[in-house]
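Colleague: I would like a close look at one part of this model, with the rest kept for context. Could you walk me through it in words a bench person can follow?

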Amino acid sequence: MTDNKTVLEVSALENGTVIDHIPADRLFTIINILSLDKIKNRITFGTNLESKRIKTKAIIKVADMEVDRNYLSRIAIFAPEARLSYIKNFEVVEKIKLVVPDTIEGGVKCANPMCVTNHEPVTPKFDVIDKTDITLRCKYCEKITTQKQFEIIK
């Protein structure tokens, strides 16, 4: 017999998306990037969970939704260790290890307040110059933007 005080259950996901190995302090950033606060789907998330890979992690499960692949690079710059799984009929049909891309278009604001992307309807574009401590160089003004400076734009 199991002690009910020590068992926590989260229902299995029939169809949807699971994002795992999110750094715990980035959970709400990922929720914001995906605009999960604006959808009606069932969402389950946990944070400050133990992880051998990244010390403490967060996880997001979204029922009946596939995360648009266009968002994967945006998620990767905030959660480079993340894994994304698509679920169909309770089975993992695809598992993706996110990869920090060489370039980023949109999603993050340039840290230079004088950059054209902050004053004109121009999509910010960056070269990724460090994939470990995610660091970007603006293709317009060449300003370096570090992960601590990232400001999300949609």
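How many bridges join strand β1 (residues 16-23) to strand β3 (residues 55-63), and do the two run parallel or antiparallel?

Modeller: Happy to. Please keep in mind that this is a predicted model, in which local features need pLDDT of at least 70 and side-chain atom pairs count only at pLDDT 80 or more, while totals for chains, interfaces and linings use all residues. Residues are numbered from 1 along each chain as its sequence is written, and side-chain values use heavy atoms, with hydrogens and water left out.

To your question: β1 and β3 are joined by 6 bridges and run antiparallel. Within that pair, G16 faces A63 of β3. Strands count as paired here if DSSP finds at least two bridges between them. Strands (E, at least two residues) and helices (H or I, at least four) are DSSP runs, numbered from the N terminus. As background, strands of a sheet pair through backbone hydrogen bonds, either parallel or antiparallel.

The β1-β3 pair belongs to an open sheet of 5 strands, ordered β2-β3-β1-β4-β5, with antiparallel pairing. At the edges stand β2 (43-51) and β5 (91-97); each has a single partner strand, so one side of each lacks a neighbour in the sheet. On average, neighbouring strands of this sheet are turned by 15 degrees against each other, direction ignored; the strand axes behind this angle are lines fitted to C-alpha atoms.

On the other side of β3 comes β2. These two strands pair in the antiparallel sense over 7 bridges, and a hairpin of 3 residues links them. If you want a spot to click on, G46 has I59 in β3 as its bridge partner.

K57 is a good residue for seeing how β3 sits, since its place is in that strand. K57 has a relative accessible area of 13%, so it counts as buried (buried is under 20%, exposed is over 50% and partly exposed is in between, with a 1.4 Å probe and protein chains only). Not counting residues up to four places away in sequence, K57 touches D20, H21 and I22 as well as A24, and also G46, T47, N48, L49, E50 and S51. A contact here means heavy atoms within 4.5 Å.

Just ahead of the sheet, L13 lies in the segment before β1. With a relative accessible area of 8%, L13 is buried too. Its contacts, leaving aside neighbours within four places in sequence, are V18, R42, K61, V62, A63, I87 and F90. D64, by contrast, is in the loop between β3 and α2 (72-78). D64 is exposed, because its relative accessible area is 59%, and D64 has a positive phi of about 55 degrees although it is not a glycine. For comparison, most residues other than glycine have a negative phi.

At the far end of the strand order, β4 (residues 83-88) and β5 are antiparallel, with 6 bridges between them. Y86 stands opposite E94 in β5. The hairpin of β4 and β5 has 2 residues between the strands, and N89 takes a positive phi near 50 degrees there.

To place all this in the whole chain, there are 2 helices and 9 strands, running β-α-β-β-α-β-β-β-β-β-β from the N terminus on. The C-alpha atoms fill a box of roughly 65 × 30 × 25 Å along the principal axes. Some distance from L13 you will find T123: their C-alpha atoms, 110 residues apart along the chain, are separated by 36 Å. Buried residues make up 40% of the 154 residues. Of the contacts between residues at least 6 apart in sequence, 57% join residues at least 24 apart.

Finally, a stop outside the sheet: P113 is in the loop between β6 (103-105) and β7 (125-130). P113 counts as exposed, at 56% relative accessibility. Beyond its neighbours within four places in sequence, P113 is in contact with N118 and H119.

Terms used
Axes are lines fitted to C-alpha atoms, for helices over the stretch in contact, and angles run from 0 to 180 degrees between N-to-C directions.
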